[in-house]
Each structure stands twice: as structure tokens, then as C-alpha cells.
Amino acid sequence: MRGSLTSCPGVSPLAACSLGLTVATALALSPAPPATAAPVPLRAAAPVPDAVPGSTRSLPLVPLSRERTLGGAPEQGLHRVGLGRFSLVGVVWDDPGTELRGRVRVRTRSAATGQWSGWQDVETHHADHGADPDTAEGSSRRVRGATAPLWVGDSDGVDVRVRAEGAAGGDGTGLPSGRRAGRPGVPMPRGLRLELVDPGSGKAAGEGGGTGEGLPGNPTGDDPPRTALDTEAALAASAANADITGFGATAIPALDRSATEQELNRLQGPVRGKPYIGPRPRIVTRRGWGADESLRERGFVYTKKIKAAFVHHTATGNAYTCAQAPSVIRGIYRYHVKSMGWRDIGYNFLVDKCGTLYEGRAGGVAKAVLGAHTRGFNTDSMGIAVIGTYGTARPPSAAVTAIARLTAWKLGLYGVDPGAKTYLTSGGGNLYPKGKNVRLNVISGHRDGFATECPGKQLYAKLGTARSNAATYQGR
């Protein structure tokens with residue numbers, strides 16, 4: 001799939017294709033920021049320090065018990081120390097159509113203190129996040145089955161246990177011994193591997209402890225994290241936002257209502273009657289969070305429009321600071337592309353616990369970029385992921401507010417009421433068969449389109465608040 005041309009089926013006026021523009025062309029396309037917007041620094045391809053590259057180490061799991069079943073060992077794992085540094089882990093396997101029915105737990109050794117963490121569960125059901133069946137991305141031979149990624153912080157040692165459902169025995173990890181002692185375990189997926197992801201250090205790129213332009217801990221934005229604009233992929237990713245911000249921007253500035261309405265008229269043409277759109281919120285670009293554009297596939301794929309927004313949680317855990325959010329996103333990005341075989345990060349947008357918004361999949365934040373977030377319902381929708389795990393933990397109010405502000409603006413670009421309902425055609429999944437026309441809330445949770453726990457019970461309970469607030473921001 002790598003190297004394929006940009007695909008633009010049924011492109012809307014906002015979804016203009018971008019194919020590696022030169023700096024001069026991109027600068028020519030870049031409009032002057034509205035008078036009400038904060039100044040956007042223009043960073044050209046002059047000497048700009050690259051972010052320190054990240055890496056992915058893939059280690060095969062091994063049987064941890066002599067006990068055998070028809071499907072192989074009921075438990076597999078790995079214990080390694082003295083590894084290169086990593087901050088995010090996950091388990092992958094060969095066949096994306098095979099489910100890992102069991103439990104995955106991991107503990108890690110801190111690179112700073114040498115102390116081991118407690119055991120943590122890894123979410124095993126992650127196939128519900130992904131490209132629709134029968135799409136080029138979803139059917140690629142590169143795609144693998146995978147758990148959710150887990151953020152563990154700066155580590156250099158790991159201990160992982162994967163136990164099939166019903167497997168017997170104990171190993172001190174606190175894993176249950178099965179529904180019935182001695183019961184044969186469910187066969188494990190083939191090719192289980194542990195992925196150790198180093199998201200790369202942003203310090204050489206000016207991240208300064210994980211903070212960025214306007215992010216917590218660096219309010220002046222003196223030296224924001226960024227990547228050099230010296231590759232075709234980096235040029236194209238930045239140029240995709242040139243319709244709304246300066247080329248090379250690390251963040252798209254917020255606009256007031258008047259400037260947003262002017263921008264709507266410029267992008268979509270004169271709007272009849274009252275324009276229902278929320279003020280554009282500030283969004284950190286891919287360059288702002290330090291995306292390595294060489295990882296993803298070239299070109300962008302667009303859908304026709306945006307009719308709905310699906311809210312997710314990343315299931316990466318809540319043990320991160322807002323200053324670390326760019327690193328977490330770089331880790332998720334690398335895991336989605338290098339470990340799971342997707343063309344790019346799956347979500348269109350991400351939100352951290354402080355309410356900072358980030359551009360996800362490349363292609364332009366104002367455009368209808370086709371994501372890989374809600375299997376079966378990626379067409380004509382966008383995916384917003386709150387960084388963290390919100391099954392029992394309550395989502396911060398700042399994150400819920402950010403969802404409302406983002407949807408009020410992005411749905412407003414396409415004339416959609418965030419408090420309404422809409423119809424989407426299923427691309428196939430475990431709730432609705434392919435081709436079924438499904439009535440959904442315009443702002444839905446992941447579980448509304450696929451049988452899953454995502455976005456977690458606590459975050460799902462806040463979607464009503466997000467809908468009503470988004471409608472208010474639109475002036476409804």
C-alpha cells in the first residue's frame with residue numbers, strides 16, 4: 001500500500017487533494033490569518049532541528065508453562081531487563097480476524113529509578129478501532145490483530161503475561177485461575193509479539209519536557225516541538241491545513257465567532273440564513289506534536305462529508321501528564337502504523353486531560369478525512385479520542401468541553417446540528433450488518449456503532465453534556 005496515490009472519492013469543496021507541494025507553492029496557498037486571530041509564526045524549511053526519532057522493538061512471546069492444550073500453551077509471556085528505553089507497550093498477533101480471548105497484564109521497570117510498577121491490565125479488544133472491512137486499509141496484508149496500547153512512562157524492563165480464557169494455574173501476577181481448575185484454555189492467536197514503543201524525545205525538537213506551544217508548562221511557546229519541513233510527506237501534511245492557517249504552523253489558532261463565520265463563507269461559499277457554527281478552537285497540528293511523517297503512507301483519503309462524530313478513549317491509561325501528551329500521541333501513532341499496520345493514526349482528533357486538541361490523521365483538520373476509528377462507520381464521520389481510560393475514571397471537564405467546542409466547529413462546517421440524529425450506512429461490524437442504514441446521534445460513542453466498552457462508561461455518560469454544549473456554541 002505504501003506509495004499509493006492520493007484518493008479523493010466524492011470530494012467536498014473542503015476536501016481538496018494534496019500531493020507533496022513545494023514550499024513555494026504551499027506558501028502561495030496559505031491565506032493571511034484573520035485580523036481577530038492570534039499571529040501564526042511562519043516556519044519555513046530553514047534549518048529546524050528534527051525530533052529525536054522514535055523506535056519500535058518487537059519481541060516474540062514464549063510459553064510460560066509446560067501445560068499444553070490443543071491450541072498450544074495456555075499462557076505466554078516475556079521477562080526482559082536492560083532494554084532500550086520505551087514508554088508504550090502492546091501485544092500484536094498475525095491474524096487481525098482472530099480475537100485474543102483472555103487477559104493481558106504487564107509491569108515495567110522505571111528507567112529513572114529501577115523500580116518495578118504494579119501489574120496493569122491491557123485492553124485486549126481493539127479490533128473495533130480500525131478501517132472498515134473491504135477497504136484498502138482494512139484488508140491490507142500488513143494489518144495485524146492487536147491489544148490497545150498502554151502508556152507506561154520511561155521504562156527499560158518489562159514483564160508481560162498473556163493467559164487464555166479458562167487457563168489454570170497461578171504465577172503471582174494476580175490473574176484468575178480460570179472458571180474451573182484444569183479447564184483447557186482457549187487457543188492463543190498465532191504470532192503473539194510484544195511491542196515496545198519509544199515515541200522519541202522531543203527535547204531536541206524543543207519539546208522541553210514534553211510541553212509545546214501554548215501547552216501547559218510552556219505558555220510562551222518559545223520553542224515548540226516541531227519537525228523539519230524538508231520531506232514531501234511533511235510538506236503535504238502542513239499544506240493540507242494551508243486553507244485555514246499559515247504554512248508550517250505548529251498550532252491552528254482559535255478564532256472568535258465573527259472570524260469563524262467569515263472563514264465558513266470563504267471555504268463553503270455564502271451561507272443562506274444564520275450560520276450555525278461554533279468558534280474555531282485552537283488545535284495543535286501534527287507538526288506541533290512532532291509527527292514523523294515518514295511513518296505513514298503517502299497521500300490522503302477523503303470521505304464525502306462529515307455527518308457524525310464518534311467519541312473514543314484511547315485505553316492507554318491515565319498515568320500521563322498533559323506535558324507528556326505529545327509523546328503519548330507519537331507513541332499511539334507509531335503503534336497504529338508500525339505495529340498494527342494502519343496507514344496513519346486512526347483518530348481524526350485527540351484530546352488530552354487538560355482539554356488541548358490535537359490534529360490526528362493527516363489530510364487537513366477542516367476536511368473530511370477518512371479515519372480508522374469506528375469499524376463499520378468511518379465513512380462520513382470523524383473520530384475524536386480522549387487520551388486515557390474512562391471506564392471507572394471520570395473524564396476531566398476540560399476534555400468534555402473540548403469535545404463540545406471541536407464538534408460545534410467541525411460539524412458546523414458541514415451544516416450539521418450536534419444535538420440531532422443522523423443516518424449512516426454500516427460498512428459491516430458486530431452490531432449492524434454491511435449496508436444497513438442506522439440512525440445514530442450526531443455525537444455518538446464508539447459503542448453506538450460497535451459492541452465495545454469504548455469510550456468507557458464514565459466518558460459515555462458525558463456525551464449528552466457535550467451534545468447540548470456543542471449546540472449552544474453553534475448558537476442553536
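Here is a walk through this structure, from the whole chain down to a few single residues.

Start with what kind of model this is: it is predicted, so how far to trust each part is worth settling before anything else. The mean pLDDT of the chain is 82, and 77% of its residues reach 70 or more. Two stretches deserve some caution. Residues 168-183 have a pLDDT below 50, although the model still gives this stretch 34 contacts beyond near neighbours in sequence. Residues 203-224 also stay under 50, and here the model has 58 contacts beyond four places in sequence. Where pLDDT is low, the predicted coordinates should not be read in detail.

Now for the overall build. The secondary structure comes to eight helices and 18 strands. Of the 476 residues in the chain, 56% are buried. If you take the contacts with a separation of 6 or more, 76% of them link residues 24 or more positions apart.

Helix 2 (residues 232-239) is a good place to zoom in. Seven of its eight residues are buried, so this helix is largely enclosed by the rest of the structure. The buried ones are Ala-233, Ala-234, Leu-235, Ala-236, Ala-237, Ser-238 and Ala-239.

Next, look at how two helices pack. The axes of helix 3 (residues 257-268) and helix 6 (residues 397-413) come within 10 Å and cross at roughly 30 degrees. Angles under 35 degrees count as roughly parallel, and that makes helix 3 roughly parallel to helix 6. On the helix 3 side, the contact is made by Thr-260, Glu-263, Leu-264, Leu-267 and Gln-268, while helix 6 supplies Trp-409, Gly-412 and Leu-413. Sorted by class, that contact has four nonpolar, three polar and one charged residues. As for handedness, the crossing of helix 3 and helix 6 is right-handed.

Trp-409 turns up again if you move to Ile-283, since Trp-409 is among the residues that Ile-283 touches. Ile-283 is found in strand 11 (residues 283-284). Is this residue buried or exposed? At 0% relative accessibility, Ile-283 counts as buried. Leaving aside residues up to four places away in sequence, Ile-283 touches Ala-251, Ile-252, Phe-349, Leu-357, Tyr-358, Glu-359, Val-365, Leu-406 and Trp-409. Leu-406 and Trp-409 in that list bring us back to helix 6, which covers residues 397-413. For another way to see how the fold brings sequence positions together, take Ile-283 and Leu-350: they are 67 residues apart along the chain, yet their C-alpha atoms are separated by 9.6 Å.

Finally, a few backbone details in the loops. Ala-315 lies in the loop between strand 12 (308-313) and helix 5 (325-339). Its phi is near 60 degrees, a positive value in a residue other than glycine. Ala-315 is also buried, with a relative accessible area of 14%. Asp-380 makes a nice companion: phi of Asp-380 is near 60 degrees too, again positive in a residue other than glycine. This residue sits in the loop between strand 14 (357-359) and strand 15 (381-386). Asp-380 is buried as well, with a relative accessible area of 14%.

Further along the chain, which peptide bond is cis? That would be the one from Cys-454 to Pro-455, with omega near 10 degrees. You can find Pro-455 in the loop between strand 18 (443-445) and helix 7 (457-460).

Conventions: Residues are numbered from 1 along each chain as its sequence is written. This is a predicted model: local features need pLDDT of at least 70, side-chain atom pairs count only at pLDDT 80 or more; totals for chains, interfaces and linings use all residues. Side-chain values use heavy atoms; hydrogens and water are left out. Axes are lines fitted to C-alpha atoms, for helices over the stretch in contact, and angles run from 0 to 180 degrees between N-to-C directions. Helices (H or I, at least four residues) and strands (E, at least two) are DSSP runs, numbered from the N terminus. Angles under 35 degrees count as roughly parallel, over 145 as roughly antiparallel, 65 to 115 as roughly perpendicular and the rest as oblique. A crossing is left-handed if the near helix is turned anticlockwise from the far one by less than a right angle, and right-handed if clockwise. Contact means heavy atoms within 4.5 Å. Ala, Val, Leu, Ile, Met, Phe, Trp, Tyr, Cys and Pro count as nonpolar, Asp, Glu, Lys and Arg as charged, and the others, Gly among them, as polar. pLDDT is the predictor's confidence in each residue, from 0 to 100. Buried means under 20% relative accessible area, exposed over 50%, partly exposed in between (1.4 Å probe, protein chains only).
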